[in-house]
Amino acid sequence: LGSNKGRLANPENYRLLYAPYGFTKKDGRLVPNKSELKICRLVVQLRGDSKISFQEIARELERRRIKSRTNSISWTHATVGRIFKRWNGKI
């Protein structure tokens, strides 16, 4: 991927395999996914308000029985961290 990633990740012509969390791919375009965006807002809020760790946020999502994109109630600190880094300051 390397230098092509920016071109492949163009929201109007998205050609990477998976859409970033908070979006769905539709006809090669990124479209906001409302249910995932609610989770993104929660992650940003939890991290911003209480400065808890990504691991603690993952546990909180599991405690609230919030399902991930794969329909699992299991969350990792890495996924939570990616969500936070993408959405912090944007929602």
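1. Arg65 is exposed, because its relative accessible area is 59%, and the cut-off for exposed is over 50%. In this predicted model, Arg65 is placed in the loop between α3 and α4. The phi of Arg65 is near 60°, a positive value in a residue other than glycine. As background, most residues other than glycine have a negative phi.

2. A second positive phi is found at Asp27, with a value of about 55°, although Asp27 is not a glycine. Asp27 lies in the loop between β1 and β2. Is Asp27 buried or exposed? Asp27 counts as exposed, because its relative accessibility is 76%. The hairpin that contains Asp27 has two residues between its strands. A further positive phi, near 55°, belongs to Lys51, the residue that follows α2.

3. The two strands of the hairpin are β1, residues 23-26, and β2, residues 29-32; they run antiparallel and are joined by four bridges. One residue pairing may be named as an example: Lys25 has Leu30 as its bridge partner in β2.

4. Phe23 belongs to strand β1. Phe23 is buried, because its relative accessibility of 18% falls under the 20% cut-off. With neighbours within four places in sequence left aside, Phe23 is in contact with Leu30, Val31, Pro32, Asn33, Glu36, Arg69 and Trp87. Between Phe23 and Lys34 there are 8.2 Å in space, C-alpha to C-alpha, and the two are eleven residues apart in sequence.

5. Helix α2 covers residues 34-50. Does its length agree or disagree with the expected span? The 17 residues of α2 should span 24 Å at 1.5 Å a residue, and the C-alpha atoms at its ends are 24 Å apart, so the two values agree.

6. Several residues of α2 are buried, namely Glu36, Leu37, Ile39, Cys40, Leu42, Val43, Val44 and Leu46. Which elements do the buried residues of α2 pack against? Their partners are the strands β1 and β2, together with α3 (54-63) and α4 (77-87). Glu36, buried in α2, is also one of the residues in contact with Phe23.

7. The largest pocket has a volume of about 550 Å³. Its lining consists of 20 residues, and those nearest its centre are Ala19, Pro20, Tyr21, Arg69 and Arg82. Helix α4 gives the most to this lining, with five residues. Arg69, which is among the residues nearest the centre of the pocket, is also in contact with Phe23.

8. Taken as a whole, the protein has four helices and two strands, and its pattern along the sequence is α-β-β-α-α-α. Its C-alpha atoms fill a box of roughly 35 × 25 × 20 Å along the principal axes. Of the 91 residues in the protein, 34% are buried. Among contacts with a separation of 6 or more, 33% involve residues 24 or more positions apart.

9. On confidence, the mean pLDDT of the protein is 92, and 95% of its residues reach 70 or more. Which element has the lowest mean pLDDT, and which the highest? Helix α1, residues 5-8, has the lowest mean, 79, whereas α3 has the highest, 98. In general, predicted coordinates should not be read in detail where pLDDT is low.

Terms used
Residues numbered from 1 in each chain as written. Predicted model: local features only at pLDDT ≥ 70, side-chain atom pairs only at ≥ 80, totals over all residues. Heavy atoms only, no water. Pairing = 2+ DSSP bridges. Expected span 1.5 Å × (residues − 1). Buried < 20%, exposed > 50% of the residue type's maximum accessible area, 1.4 Å probe, protein only. Contact = heavy atoms within 4.5 Å. pLDDT = per-residue confidence, 0-100. 1 Å grid on protein atoms, 1.4 Å probe; cavity = no way out; pocket = protein on both sides within 12 Å on 5 of 7 lines; lining within 4 Å. Points joined across faces, edges and corners; volume = space filled by probe spheres on them.
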